[in-house]
Amino acid sequence: MNKKLELADIQGNVLRAYGRFGYPAARYVCLNVKNEIRGRDFIAAVTERVTTAIDWSTEDGKKLKPNWTANIAFSYQGLRKLGLPRASLVEFSPEFSQGMKARKDILGDQGPSAPENWDPVWERNGKDFESNVHILITLNGLMPAPVTEDANGMQEAREASLEHREQAYEWLLEVVKEHDDGVAVLGGHCGANGEKFDYQDADVLFEDGMPTAKEHFGYHDGISDPVIEGVPYDEGRVEGRGKLLEGGKWAPLATGEFLFGHIDEAHEYPPAPRPILLSRNGTYMVFRKLHENVGTFNAFLSEHGKKYPGGEELLAAKFVGRWKDGTPLVLAPNEEKRKAFQDKLKEASLEEQERMLSDFSYEDDMSGAKCPFSAHMRRINPRGSLEQVAGEVPGSMIRSMKGENEGAFDTPGALANRRRIMRRGLPYGTVSDRTSDKGNHGIVIMMLNANINREFEFVQQQWINYGNDFKAANDKEILLGNHNIDGKSPSKAVIQVDPESDDVPYIVSDIPLLVETRGGDYFFVPSMTALRLIARGVIDPT
Ligand code: HEM
């Protein structure tokens, strides 16, 4: 990587998924701006403690990590309330200025996912387009290295991370108190029994006292995340996370897919508001609280698992594209290969494990026989499989690149490279009864992208809730699709088989709604420079 980003100018959560960096306890706080001038004073005070993306490595190989991190983002209404000039405001993208609720039909947030059913904190104040949530502050507590590697040591380290999160929250409340004529914390984040909280917590899930990378359906999550040009601590992680080049090699994605003021995959600067100091090194964040219907998921999987020839565990893997332990299906399409993959993984160094878990494409699986076209991962990042052109693969609607038009696309992945999404966030809530959907548990997901419409919204609308690009007609992505929202139109998806075999494709019928939206909005994550300009009220778009 030759390019070096200005890490001290970029907010830390943009380049780091904190959970992976030892921060397993998060708290998300929404605020309302009551007064422009005092609101700006509040931003100035918070900015002093905002965590940047600087490298934490020291010369002696140690990491100098803060006990807690703090980051800040603004909704369009927030920027308006803080007095940004109109000439800058109008240059933010329409979807950002409208906000997530207004985009509900594009996002498929209907039925149980409809905004009427979201946590009250996201309610708007009577006018359709005016969100009360103006500022989002995200806090994460550091878990120190455990003194002993057993459950006791882990428990102590975990308690320390919760303590660090509390310290961060106390700091925030103190700053809010000093500026209570300018801002107010908004309540209305729902808990498991309908209680309302002033914040939304999200935490790594622990099992037998040990931290896991699991989400509530039981899958290993948070493995593949885009690697972009210019991030020193992502060097060596590019395989499977960057962009696919001809010949199966990988390179970092262009920075401008995720950060304003940098060249993107089309060799252009992403559209961003003026002045450049306001937008450069900033990005958009899509915040979504997604409830997981764990009882429905388990019942549905068990019912189909009894009929599916490969059994329940393989079927669960087909829903996502990875076995529950994270093994990629295309590298290990059956139980025997999964075991062999895991044995090899256990022997590998941490760096090699990172590569093994992500270094694959779908080029050798153009029929979907290993990883189905409606699997979560394949729909969301098709990794070069959409550019394949006329050729072999008998019986498949999608054709191999090795045909007569070989080379028609010199850049495999050119389509997917413009739809990539950086994921941040953690699971929230606990599941006490795995046969029930009741309660408050799921994933708080924060997706970063420089163009909400081209990246997140396109994936959500065209690839999750519609199957045309995958020659899957109206079939939705299995895990996230807004299945049967009216109770009258059950979905189905096809689990493909090797077209050369005598096997028959399996139809997963009557797919229920597995994941429901419980809230969210679109935010702007400014650079440190922009934060200071906003705080001083000196943005000059001329
Ligand atoms: C409750 C909701 C969700 C669950 C349970 C879930 C689960 C998973 C799992 C288990 C993986 C595989 C592990 C990995 O590669 O990191 C994954 C990958 C991924 N998910 Fe999700 N996810 C959810 C929501 C979403 C949403 C809303 C998006 C974006 C619209 C998304 C985007 C991705 C991406 C980009 C990948 C990596 C794909 C790749 O690069 O191959 N996920 N997810």
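Modeller: Two residues are in contact here if their C-beta atoms, placed from the backbone, lie within 7 Å. The model is predicted: local features need pLDDT of at least 70, side-chain atom pairs count only at pLDDT 80 or more, and totals for chains, interfaces and linings use all residues. Numbering starts from 1 along each chain as its sequence is written.

Colleague: Which residues of α9 meet α10?

Modeller: On the α9 side, L301, S302, H304 and G305; on the α10 side, E312, L315 and A316. By class, that contact has three nonpolar, three polar and one charged residues. Ala, Val, Leu, Ile, Met, Phe, Trp, Tyr, Cys and Pro count as nonpolar, Asp, Glu, Lys and Arg as charged, the others, Gly among them, as polar.

Colleague: And where are those helices?

Modeller: α9 covers residues 294–307 and α10 covers residues 312–320. Helices (H or I, at least four residues) and strands (E, at least two) are DSSP runs, numbered from the N terminus.

Colleague: New topic. Which residues come nearest to the ligand?

Modeller: Y219, I223, S224, M377 and N381, of the 26 around the ligand (C-beta atom, placed from the backbone, within 6 Å). Two or more residues each come from β12 (283–292), α13 (376–380), β14 (442–449) and α14 (453–464).

Colleague: Which element gives the most to that shell?

Modeller: β14, with four residues.

Colleague: How many of the shell are nonpolar, polar or charged?

Modeller: The shell has 15 nonpolar, six polar and five charged residues.

Colleague: Which domains does the shell draw on?

Modeller: At least three residues come from each of domain 1 (7–286 + 518–536) and domain 2 (294–422 + 467–515). The bounds come from an automatic or database domain assignment.

Definitions and conventions:
Axes are lines fitted to C-alpha atoms, for helices over the stretch in contact, and angles run from 0 to 180 degrees between N-to-C directions.
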